[in-house]
Amino acid sequence: MNNFAFLAQNPDYRSFSKDCIDAEIAFKNSYDSCVKLTRTALDAAIKYFYAKNNRAFSDNLFDLIENAGLNRSLSDKLHFCRRLGNDAIHNKKEFSAEDAQQCLKNLFDFVNFIDNRQIAFKNLIGMENILQTELCGIKLNTPIFAASGTFGFGEEFADFVDLKRLGGVMVKCITLKPRRGNDGVRITETPSGMLNCIGLENPGVDAFLTKILPRIKDKMNIIVNISGSSVEDYAKLAKMLDVDGISAIELNISCPNVKDGGIIFGTDEKQASKVTFAAKNATKKPVIVKLSPNVTDITRIARAVESSGADCISMINTLMGMEINIQTWRPTLGNITGGLSGGAIKPVALRMVYQTAKKIKIPIIGMGGIRSASDAAEFFLAGASAVAIGTANFSEPSITMKIADDLEKYLKSCGLNSIKDLIGKVKA
Ligand SMILES: Cc1cc2nc3c(=O)[nH]c(=O)nc-3n(C[C@H](O)[C@H](O)[C@H](O)COP(=O)(O)O)c2cc1C
């Protein structure tokens, strides 16, 4: 018997893998439904194949024979499955075990053909590993993360993004107790960016561990962003989150939108050190410390947390900003001030990454206004080992994938075989 289970391991085949597996399972119960389901699976696989070859789905397989390298004997096999499938669906014909087996075998030959071509294609242009890298011992398929607070718990983006292709998802900030966030207007658009004062709304660590984590673990690298109002809060959270399915902890010591959002720790070297040290002692997971740009010299905070054991630094969080409505003379945001993010902050973030990379040895995940592969490339050149995309996810949910694709092309165009060859290479 064939075994279609291998298809499930490649998220790229999501649109037809389940149908194939269902058809195979049906063989045990009913040959007729097996034939029917094989036809459904076949059409899903053909649809995928058409899309891969940039052609609109049609019933005519000759187009694929002529233009996409499908050979005649394979197309005969597909016609066989379709004919039997149609008879099963429309004429309620009954089928033998041999018929059902032949349908499954033909389907299997076709999905194997698709898979072999895909592998050959990837090998040919070396796409498989040029972006693959590693950070704090975590294997990354690409050095592109989704930034905390802009990507939910990752699952919300599953229709737009191959989550496994991301370096990881920094899930939204988790606190000890649930928080309902700030009242009033929480988001306003600015030229080239946005101001937000969400106020760390989240379901709390218990609900995260019992309800959310079981749903999302194994689907992506998960980095949990945590925040607290005391050193003990951070240590407690880090300990509670030292569980299977979590790749790293990110200490948010930089939220400018709530009094107890950690900003007190992010603007004072001693406090930043204390909280890093406490979290490191409470967990075996890598600890990433997220820095605030709302300081005079960010490199001093970076050095302080590095010497207290941080494994990595992520930077930057949002810049404090404000907007006033000139009709009402009131601040637009319910919280009066908010955090500025998006394109407008990119030059500031880039400058800070550049300055910090020269002062520390641990890796940096750079973020702030990245909207394209060229923005990302600037952060790598400035010294970031990985990047995270935040605000851009709101306007284009699949932007992380586009950035990954374009970054691969950019590296190739520079004659580089690894993203590592770009890190810190700015000629300044
Ligand atoms: C709506 C919104 C919510 C955010 N929530 C968090 C959060 O919970 N924790 C955190 O560390 N950063 C949070 N951030 C900051 C982002 O993770 C990121 O550091 C920042 O927005 C800069 O990147 P960007 O310009 O690509 O958005 C939030 C940003 C936005 C826009």
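A closed barrel of eight strands runs in the order β3-β4-β7-β8-β9-β10-β15-β16. Its strands pair in the parallel sense. Neighbouring strands of the barrel sheet are turned against each other by 25 degrees on average, direction ignored. The model described here is predicted.

One pairing within the barrel can be followed residue by residue. Strand β8 covers residues 248–252, and strand β9 covers residues 287–290. The two run parallel and are joined by four bridges. Within this pairing, E250 of the one strand stands opposite I288 in β9. Helix α14, residues 399–413, packs on the barrel sheet. The helix touches β3 (144–146) and β16 (386–389). The direction of α14 makes about 170 degrees with that of β3.

A second sheet is open. Four strands form this sheet, in the order β5-β6-β14-β11, and their pairing is antiparallel. The edge strands are β5 (187–190) and β11 (319–322), each of which pairs on one side only. From one strand to the next, the twist averages 40 degrees. Strands of a sheet pair through backbone hydrogen bonds, either parallel or antiparallel. Both senses of pairing appear in this model: parallel in the barrel, antiparallel in the open sheet.

Within the open sheet, β5 and β6 are joined by four bridges and run antiparallel. E189 has M194 in β6 as its bridge partner. These two strands form a hairpin, with two residues between them. On its other side, β6 (residues 193–196) pairs with β14 (residues 337–341) over three bridges, again in the antiparallel sense. Here L195 has L340 of β14 as its bridge partner.

Two backbone features stand out in loops. Most residues other than glycine have a negative phi, and most peptide bonds are trans. S192 has a positive phi, near 60 degrees, although the residue is not glycine. This serine sits in the loop between β5 and β6, in the turn of the hairpin. The second feature is a cis peptide bond, which joins M315 and I316 with an omega of about 10 degrees. I316 lies in the loop between β10 (312–315) and β11. That loop runs from a strand of the barrel to an edge strand of the open sheet.

Helix packing was examined next. Two packed helices are described by the angle between their axes and the distance between the axes. Helix α9 (residues 269–282) and helix α10 (residues 298–307) have axes that come within 8 Å and cross at roughly 30 degrees. The angle is under 35 degrees, so α9 is roughly parallel to α10. The crossing of α9 with α10 is right-handed. On the α9 side the contact is made by E269, A272, S273 and T276. On the α10 side R300, I301, A304 and V305 take part. By class, this contact has four nonpolar, two polar and two charged residues.

Helix α10 also packs against helix α11, residues 346–357. The angle between them is about 50 degrees, and their axes lie 9 Å apart. The two helices are therefore oblique to each other. This crossing, too, is right-handed. I298, T299 and A302 of α10 meet M352, Q355 and T356 of α11. The contact of α10 with α11 has three nonpolar, three polar and no charged residues.

A further pair involves α14, the helix that packs on the barrel sheet. Helix α12 (residues 373–382) packs with α14 at an angle of about 65 degrees, and the axes are 9 Å apart. The crossing of α12 and α14 is right-handed. Three alanines of α12, A373, A376 and A377, make the contact with I403, D406, L407 and Y410 of α14. By class, the residues of this contact divide into six nonpolar, no polar and one charged.

The overall layout has two parts. The domain assignment gives domain 1 as residues 4–125 and domain 2 as residues 133–422. The C-alpha centres of the two domains lie 42 Å apart.

How values were computed: Residues are numbered from 1 along each chain as its sequence is written. This is a predicted model: local features need pLDDT of at least 70, side-chain atom pairs count only at pLDDT 80 or more; totals for chains, interfaces and linings use all residues. Two strands pair if DSSP finds at least two bridges between them. Axes are lines fitted to C-alpha atoms, for helices over the stretch in contact, and angles run from 0 to 180 degrees between N-to-C directions. Two residues are in contact if their C-beta atoms, placed from the backbone, lie within 7 Å. Domain bounds come from an automatic or database domain assignment. Angles under 35 degrees count as roughly parallel, over 145 as roughly antiparallel, 65 to 115 as roughly perpendicular and the rest as oblique. A crossing is left-handed if the near helix is turned anticlockwise from the far one by less than a right angle, and right-handed if clockwise. Ala, Val, Leu, Ile, Met, Phe, Trp, Tyr, Cys and Pro count as nonpolar, Asp, Glu, Lys and Arg as charged, and the others, Gly among them, as polar.
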